[in-house]
Amino acid sequence: MSDSDDGRDAESGSDAAENRDDPHREEFRDDPVGHTRATAGMTVGELVDGYGDAGIGAASVNEAGDVLAEMFANEDCTVFCSLAGAMVPAGMRRIVADLVRDGYVDALVTTGANLTHDAIEAIGGKHHHGRTHDPEKTAREHDEGLRDEGVDRIYNVYLPQEHFAAFEGHLREEVFPALEGDASVSIADLTRELGRANAAVNERDDVEEGPGIAAAAYECDVPIYCPAVQDSVLGLQAWMYAQTADFTLDALADMTELTDLAFDAADAGCLLVGGGVPKNFTLQTMLVTPRAYDYAVQITMDPEATGGLSGATLEEARSWGKLEKDARNASVYGDATVMLPMLVAAARERIE
């Protein structure tokens with residue numbers, strides 16, 4: 001072997017060692033993960049800020065808190081909130097009502113179920129702590145027993161069925177008659193009248209619980225859209241009332257009002273709590289406007305791999321033109337009854 005060969009080998013070995021010590025990296029950046037603190041007396045905002053040092057789900061919560069705070073702080077931003085799932089029975093009613101009353105939400109898209117349970121509490125009914133099963137019974141025996149006792153179960157929350165009877169009376173006496181005879185009653189008209197009646201009865205009867213979400217929306221002139229109202233006790237009662245009264249809901253009447261709200265927005269943002277129809281109805285609004293959402297935060301537990309809308313990522317929504325290419329967006333994967341209060345508290349702490 002020649003001396004020159006030895007030199008080349010030595011040089012190659014040196015280069016290889018240098019590459020091992022300092023490899024060329026396009027993706028990697030020097031940004032070490034820190035360690036979140038949890039101390040007595042710290043605020044929710046401080047905790048969420050600390051999550052920014054961490055990784056995995058904590059980092060997503062921190063990012064969502066940043067986006068939500070920026071969206072709420074932007075006075076030129078029209079904020080749409082979609083609310084799916086059993087958020088009212090689970091105890092999230094006051095959080096949403098406060099967001100509406102304090103001017104953080106400009107339009108609410110929710111389910112008939114949430115509006116039903118909201119009204120039940122407004123007129124004096126209550127949801128109660130329950131349990132998912134009785135250890136001395138099978139799951140079926142447990143729920144058969146609740147059926148016999150006239151108690152409905154929503155996971156670990158119980159609701160006596162007599163509250164639905166009171167709700168039916170509320171609709172027939174306080175809500176539906178005011179809408180009779182109108183040529184076209186939109187679902188937003190119905191929810192507005194529901195909010196008015198909830199507030200009136202709540203005050204008249206001196207109900208201990210607050211008047212709730214629909215009442216807050218009525219008082220603050222915030223529209224509530226309920227595109228699948230038929231899929232609820234509220235919708236079922238509306239249908240039954242229409243069988244004997246001059247009362248008809250126009251399912252398409254809300255579209256112009258909602259689209260105009262999106263069309264006229266200087267900036268637009270959405271807080272998506274859960275999935276289903278409320279999420280899609282909120283996002284699809286941008287498909288018929290020349291713009292898209294500038295901010296988006298979603299809380300979900302659904303996986304994207306099923307192809308369903310509930311788990312669809314906000315990046316996927318960008319491909320449809322529902323989000324601007326440069327929109328700020330973040331997704332949090334977890335129980336909304338845990339994540340929503342945390343994010344709202346952190347965002348409000350930052351801007352108030």
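How many salt bridges does the count come to? In this predicted model, the count comes to 20 salt bridges, and a handful of them are worth a closer look.

A convenient starting point is Lys-126, which forms a salt bridge with Glu-121; their closest N and O atoms are 3.2 Å apart. The two partners differ in how they meet the surface: Lys-126 is partly exposed, with a relative accessible area of 33%, whereas Glu-121 is buried, at 6%.

Another pair brings two helices into the picture. Glu-257 and Arg-192 meet through their side chains in a salt bridge of 3.9 Å, N to O. Glu-257 belongs to helix H11 (residues 254-263) and Arg-192 to helix H8 (residues 187-204), so this pair ties together parts that are 65 residues apart in sequence. Glu-257 counts as partly exposed, at 32% relative accessibility, and Arg-192 is likewise partly exposed, at 31%.

In the pair Arg-348 and Glu-352, the side chains meet in a salt bridge of 2.7 Å, N to O. Here Arg-348 counts as buried, with 16% relative accessibility, while Glu-352 is exposed, with a relative accessible area of 58%. Turning to shared partners, salt bridges join Arg-94, Glu-121, Lys-126 and Glu-209 into one network.

Unpaired charge also deserves a mention. On the surface, Glu-63, Glu-304, Glu-315 and Glu-316 gather in a patch of negative charge. One of these, Glu-315, sits in helix H13 (residues 314-319) and is partly exposed, its relative accessible area being 46%. Patches are made of residues with over 30% relative accessible area and no salt bridge, and the 46% of Glu-315 is therefore in keeping with its place in the patch.

Note on methods:
Residues are numbered from 1 along each chain as its sequence is written. This is a predicted model: local features need pLDDT of at least 70, side-chain atom pairs count only at pLDDT 80 or more; totals for chains, interfaces and linings use all residues. Side-chain values use heavy atoms; hydrogens and water are left out. Patches are made of residues with over 30% relative accessible area and no salt bridge: like charges are joined within 9 Å, nonpolar side chains (Val, Leu, Ile, Met, Phe, Trp, Tyr) within 5 Å. Accessible areas come from the Shrake-Rupley method with a 1.4 Å probe; for residues, only the protein chains shown count as cover. A salt bridge is a side-chain nitrogen of Lys or Arg within 4 Å of a carboxyl oxygen of Asp or Glu. Lys and Arg count as positive and Asp and Glu as negative; His and the chain ends are not counted. The place of a charge is taken as NZ of Lys, CZ of Arg, CG of Asp or CD of Glu. Helices (H or I, at least four residues) and strands (E, at least two) are DSSP runs, numbered from the N terminus. Buried means under 20% relative accessible area, exposed over 50%, partly exposed in between (1.4 Å probe, protein chains only).
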